[in-house]
There are 2 protein chains.
Amino acid sequence: MLTHAAEDYLKSIYKLQEKGGKVSTGILAAYLDVKPASATGMIKKLKTMKLVRYERYRGVTLTETGKAIALEIIRHHRLLELYLFKALGVPWDGVHDEAEKLEHVISEDVEARMDEFLGYPTADPHGAPIPDKNGVVVQTASVPMTDLQDGQSCVVAEVSDNDSALLRHLGSFNLYPGTAFRVIEVAPFEGPFTIDIAGQQVVIGREVAKQIFVDEVQDPDNV
Amino acid sequence: MLTHAAEDYLKSIYKLQEKGGKVSTGILAAYLDVKPASATGMIKKLKTMKLVRYERYRGVTLTETGKAIALEIIRHHRLLELYLFKALGVPWDGVHDEAEKLEHVISEDVEARMDEFLGYPTADPHGAPIPDKNGVVVQTASVPMTDLQDGQSCVVAEVSDNDSALLRHLGSFNLYPGTAFRVIEVAPFEGPFTIDIAGQQVVIGREVAKQIFVDEVQDPDNV
DNA sequence: AAACTAATTTAGGCATACCTAAATTATATA
DNA sequence: TATATAATTTAGGTATGCCTAAATTAGTTT
């Protein structure tokens with residue numbers, strides 16, 4: 001069995017690899033909040049286990065085996081988040097940290113029972129896809145909110161899950177995955193977004209908008 | 001925060017202390033399945049943290065602070081066992097090992113939510129008392145099954161929780177806490193017990209009977 | 001009381017996973 | 001192409017928690 005730290009490294013390499021191929025030691029270390037020297041050490045260990053491909057100074061990628069393990073941990077994490085949210089009513093800004101601890105210790109049996117309880121869900125409370133038992137991920141073709149123009153309508157697909165304060169902020173506007181809204185106006189000079197959400201007018205800062213991904217974008221004349 | 005290992009030591013010292021005052025290094029090491037030398041090392045560390053009283057060659061006892069932490073971990077463990085059993089349908093012979101891993105990582109918030117879901121229970125699936133939030137334990141005055149005589153009636157109060165095979169065996173006879181049975185005959189020479197349980201006649205070995213504790217014992221003439 | 005046995009502690013080592021500081025390699029700039 | 005800068009790796013150190021083997025202490029027996 002792998003250590004918790006090794007599992008965290010694999011999970012992080014997977015996520016960073018998703019947006020940009022090879023992962024550098026420095027990026028990985030920053031993501032995991034450890035020093036680059038520590039990342040080098042763990043990467044070497046993962047290489048001896050044939051879980052990553054690695055050439056010094058050239059970055060790291062997951063092997064098929066490594067990817068399968070990463071997806072298993074991510075599945076644990078997202079199922080746990082949804083379970084904590086739905087079964088125990090943990091607020092959505094709290095489920096990430098809790099799942100972070102539980103994902104390494106939960107058994108496959110308990111995971112299967114949570115999966116069944118939840119009706120074999122495909123997304124966690126932040127809209128992130130839950131890989132199935134075989135590691136198959138169904139990715140939706142969502143778009144960053146910052147790509148939206150005046151008048152466009154859409155549905156929240158996914159939001160970043162690791163910033164608790166951000167999630168509380170979004171929650172206060174009801175900006176959960178599945179929620180529909182319409183862009184009233186995008187301020188010029190990289191300014192904020194004014195949107196209509198269930199009749200309410202709300203202003204969303206640029207930095208916050210970058211953390212929101214949307215689906216089903218429709219232009220006003222398509223309505 | 002304490003390490004998982006330190007928490008396990010405190011929990012084990014508490015349990016051993018319950019049946020016999022001071023706890024020797026050797027007994028503790030055997031209980032935790034480590035070598036006596038390892039136990040000595042941890043005991044010294046716990047002493048510097050003022051969680052145990054310890055004099056070399058003289059055994060170890062918990063301080064008030066150490067006892068409070070031990071009871072907190074035990075509360076986590078038993079609430080988790082009951083939650084896994086009731087909410088997720090994990091069989092009672094599986095909940096101990098699962099809870100053993102989860103008890104160190106579950107938050108107080110999630111624990112409180114499980115407690116509420118379960119209706120503030122006072123016993124786990126094996127009949128062991130669940131300490132309350134303040135560490136208060138309500139101990140029932142149960143008696144070992146091996147003390148029973150021919151004809152006596154009683155109710156299962158508690159069974160050992162750490163032997164999965166034993167629990168499956170007991171489960172096959174419906175010998176859960178709360179189940180009533182009557183002793184038909186105790187075989188001589190430290191032999192087995194023949195009991196009546198819901199009309200069925202069942203034979204229980206001595207070694208198994210030692211792991212069963214019962215309540216509300218009544219003599220046949222009291223019926 | 002001396003000697004033996006059993007329990008316990010000390011001493012020295014190993015693996016994990018982090019750190020800092022120094023050395024190295026790669027890359028960009030002049 | 002030489003040099004400066006940035007990224008990365010190596011080297012050496014820390015803490016946890018386990019181990020084995022040797023030394024010590026306690027308790028029992030003769």
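Good morning. I begin with DNA strand D, which is surrounded by 21 residues, the closest being Gly26(A), Lys44(A), Tyr54(A), Thr3(B) and Ser38(B). A residue is taken as near a strand if one of its heavy atoms lies within 4 Å of it. This is a predicted model, in which local features need pLDDT of at least 70 and side-chain atom pairs count only at pLDDT 80 or more, while totals for chains, interfaces and linings use all residues. Residues are numbered from 1 along each chain as its sequence is written, chains are lettered from A and ligands numbered from 1 in the order in which they are written, and side-chain values use heavy atoms, with hydrogens and water left out.

Which part of strand D faces the protein? Of the atoms of DNA strand D within 4 Å of the protein, 83% belong to sugar or phosphate, and the rest to bases. I turn now to polar contacts, meaning pairs of N or O atoms within 3.5 Å; within protein, one atom must be able to donate a hydrogen and the other to accept it, and residues adjacent in sequence count only if both atoms are side-chain atoms. A backbone N or O atom of Gly26(A) lies 2.8 Å from a phosphate oxygen of DNA strand D. From chain B, an N or O atom in the side chain of Thr3(B) is 2.3 Å from a phosphate oxygen of this strand, and a polar side-chain atom of Tyr9(B) lies 3.3 Å from a phosphate oxygen.

The residues of the surface near DNA strand D divide into 10 nonpolar, 6 polar and 5 charged. In this grouping, Ala, Val, Leu, Ile, Met, Phe, Trp, Tyr, Cys and Pro count as nonpolar, Asp, Glu, Lys and Arg as charged, and the others, Gly among them, as polar.

Next, DNA strand C. Here 21 residues surround the strand, and the closest are Thr3(A), Ser38(A), Thr40(B), Lys44(B) and Tyr54(B). Sugar or phosphate accounts for 82% of the atoms of DNA strand C within 4 Å of the protein. A polar side-chain atom of Tyr9(A) lies 3.4 Å from a phosphate oxygen of DNA strand C, and an N or O atom in the side chain of Arg58(A) is 3.4 Å from a phosphate oxygen of that strand. For Tyr57(A), a side-chain N or O atom is 3.2 Å from a sugar or linking oxygen of DNA strand C. The surface near DNA strand C comprises 10 nonpolar, 6 polar and 5 charged residues.

Finally, the domains of chain A. Where are their bounds? Domain 1 covers 4-62, domain 2 covers 72-139 and domain 3 covers 143-222, with bounds that come from an automatic or database domain assignment. The C-alpha centres of domain 2 and domain 3 of chain A lie 25 Å apart. Their contact, defined by heavy atoms within 4.5 Å, takes 10 residues from domain 2 of chain A and 13 residues from domain 3 of chain A. Thank you.
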